[in-house]
Amino acid sequence: MIMATGSKELNVEALDGLDNARLAEELKRSKEELFNLRFQSATGQLDNHGRLKTVKRDIARIYTILRERELGIREDVEAPAEDVADAKADKASKKAVKKSTKATAAEETEKTEEEAK
């Protein structure tokens, strides 16, 4: 029996269950890992050279699933409602923090200007 080379957590069945946003996250993470592995290989610090091959195949697997979805070969997977709600809540909280930071900075600037007078 021939085993496919790749990460156990990034097999086709697991990737097929992820929505496109999560696939994009996995792709980014895998590309970063590949960069780090190549860097280690170039500096002679890489212990497991087989990991390069594994990560490359994982990246190819993700690209394949994304392309098959574009072509309609695979069904698109929608993000679960709770994940979408969590993402929106996170985005809203980040905006609130950003606004409060800007307001605080503006207040400090006004105080500094008043003190300078």
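Hi everyone, this is a short look at how helices H2 and H3 pack, and at two residues in H3.

First, the ground rules. This is a predicted model, where local features need pLDDT of at least 70, side-chain atom pairs count only at pLDDT 80 or more, and totals for chains, interfaces and linings use all residues. Residues are numbered from 1 along each chain as its sequence is written, and side-chain values use heavy atoms, leaving out hydrogens and water.

Now to the pair. H2 covers residues 20-42 and H3 residues 50-71, with helices taken as DSSP runs (H or I, at least four residues). Their axes, lines fitted to C-alpha atoms over the stretch in contact, come within 9 Å and cross at roughly 155°. Angles run from 0 to 180 degrees between N-to-C directions. H2 and H3 are therefore roughly antiparallel (over 145 degrees).

What do they touch with? Among the residues in contact (heavy atoms within 4.5 Å) are Leu 23, Leu 27 and Leu 34 from H2, and Val 55, Ile 59 and Ile 62 from H3. By class, that contact has 11 nonpolar, 3 polar and 7 charged residues.

On to Asp 58, also in H3. At 2% relative accessibility, Asp 58 counts as buried (under 20%, 1.4 Å probe, protein chains only). Its side chain makes a polar contact (a donor and acceptor pair of N or O atoms within 3.5 Å) with the side chain of Arg 61, at 2.9 Å. Leaving aside neighbours within four places in sequence, Asp 58 is in contact with Gly 6, Ser 7 and Leu 10.

Finally, Glu 70 sits in H3 too, but is exposed (over 50%), at 60% relative accessible area. The Glu 70 side chain has a 2.8 Å polar contact with that of Arg 67. Thanks, everyone!

Technical notes. Angles under 35 degrees count as roughly parallel, over 145 as roughly antiparallel, 65 to 115 as roughly perpendicular and the rest as oblique. Ala, Val, Leu, Ile, Met, Phe, Trp, Tyr, Cys and Pro count as nonpolar, Asp, Glu, Lys and Arg as charged, and the others, Gly among them, as polar.
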